[in-house]
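Hi,

Here is the structure I promised to send over. Please have a look at it first, and then read my notes below.

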Amino acid sequence: MLRIVKHLQYANRSLVRCGLPVLSPPLTKGLQHHHQHLPLLQQSLMIYQRCPFSTTTPASANQEGSKSKTSENANSDEGSKSGESHESSDAGKSVRGGPVSWLSFLLLVATGAGVILYYDKEKRQHLQDIFNASKEVKEGPSAGRAAIGGPFKLINHDGKPVTEKDFLGKWTLMYFGFTHCPDICPDELQKLAAAVDKIKANAGIEIVPVFISVDPERDTVEQVREYIKEFHPTLIGLTGNPDEIRSVARAYRVYYMKTTEEDSDYLVDHSIVMYLMSPSMDFVKFFGKNNDVDSLADGITKEIKQYKK
C-alpha cells in the first residue's frame, strides 16, 4: 500500500510541473486505510501510469501561433525568433514526466471510490445477516419451550418394570404425589379421573391416567395398588427406589421434599401439576391446581386437537 501511495505522490509532483490539479492529500492518505482494496487499486494505478498526457498545454498553443507568425514575418528580429523557437521547442514536446491523463485520473478516482463503497456495503450486509440470524434464534419456534420429560425406569402397581416406551402411541396425563397425602393428592386424582372420563365421552379421545409416587420409602407396589383403586379403573400407579424416583422427578421438573417428621409419619411437599404427554411421549402442556374438571377437560381437548393439526 505504501508503494501505491508513493506512486500517487509522484503523480502529484508531475501534475504540479504541468500546471494541472493534483490529488488531494485526504484521498492519498485515506487510501492507506483500505488494505483490502489493494488489488483493484493496483490495477487502476497501472492504467494510470501507462496513459500519457493527451492534453495540449498552453505553451504548445503559443508554439503554433509562433510558427505561424514566423512564416509570415520571415524578416522579424532574430533575437525574438530565437526566443520563440526555444519556447516552441520546449512546449512542442509531449510531457513525458507526467505519467497520467485526465481520463486515467478520473478512472482511478472512480474505481477507488467504487471499491470502498462496495466493501462498506458488504460489511453492513454481513453485520445485518449476523443480527438477523441472532434474532431468528431468539424468536424461533422452539424458543422458550420447556425441557420436560425423558426416559425413566419404574415399577407399576402390578410389580412389572415400566419405561416411558410403554406409553408410546397413547395420550398420557401424569400426576406426581404420594399415597399418604391427606387431601391435595386425592382431590387432584379425582379431578384427573373425572376429566379423563369427560374427554372420552365428549371428544372420543382416550387418555391414560398415570400416578407416580414421590415417596419411595413408604409407597411400595402393594401400597400403590390399593391406593389407585379408589380413583379410576385405568389409572396406572408407578413407584421405584429413591434413585429412580429422583431421576424421573428431575426429568419432569418436579419438586418434592420431606417435611414434618414424627416417627414414620411425615408429609411430602411437592409440585401440584399434571403433565399432558403426546403419543410420542413429548411434553405438550401442564395444568395446575387452579383448574376444575371442566377447564381441565376443555384445555386437554383443545391441546390434543391443535397437536393433531
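A word on terms first: axes are lines fitted to C-alpha atoms, for helices over the stretch in contact, and angles run from 0 to 180 degrees between N-to-C directions. Helices (H or I, at least four residues) and strands (E, at least two) are DSSP runs, numbered from the N terminus. This is a predicted model, where local features need pLDDT of at least 70, side-chain atom pairs count only at pLDDT 80 or more, and totals for chains, interfaces and linings use all residues. Residues are numbered from 1 along each chain as its sequence is written, and side-chain values use heavy atoms, leaving out hydrogens and water.

Now the helix pair. Helix 7 (residues 184-203) packs against helix 10 (residues 293-308) at about 55°, and their axes lie 9 Å apart. The two are therefore oblique to each other (under 35 degrees counts as roughly parallel, over 145 as roughly antiparallel, 65 to 115 as roughly perpendicular and the rest as oblique). In contact here (heavy atoms within 4.5 Å) are residues including Leu-192 and Ile-199 in helix 7, and Leu-296 and Ile-300 in helix 10.

Then the sheet. It is open, with 7 strands in the order 2-1-5-4-3-8-9 and mixed pairing; strands pair if DSSP finds at least two bridges between them. Its edges are strand 2 (161-163) and strand 9 (283-288), each pairing on one side only. From one strand to the next, the twist averages 35°. Helix 7 packs on this sheet, touching strand 3 (171-177), strand 4, strand 8 (273-277) and strand 9. Helix 10 touches strand 3, strand 4, strand 8 and strand 9 too.

Best wishes
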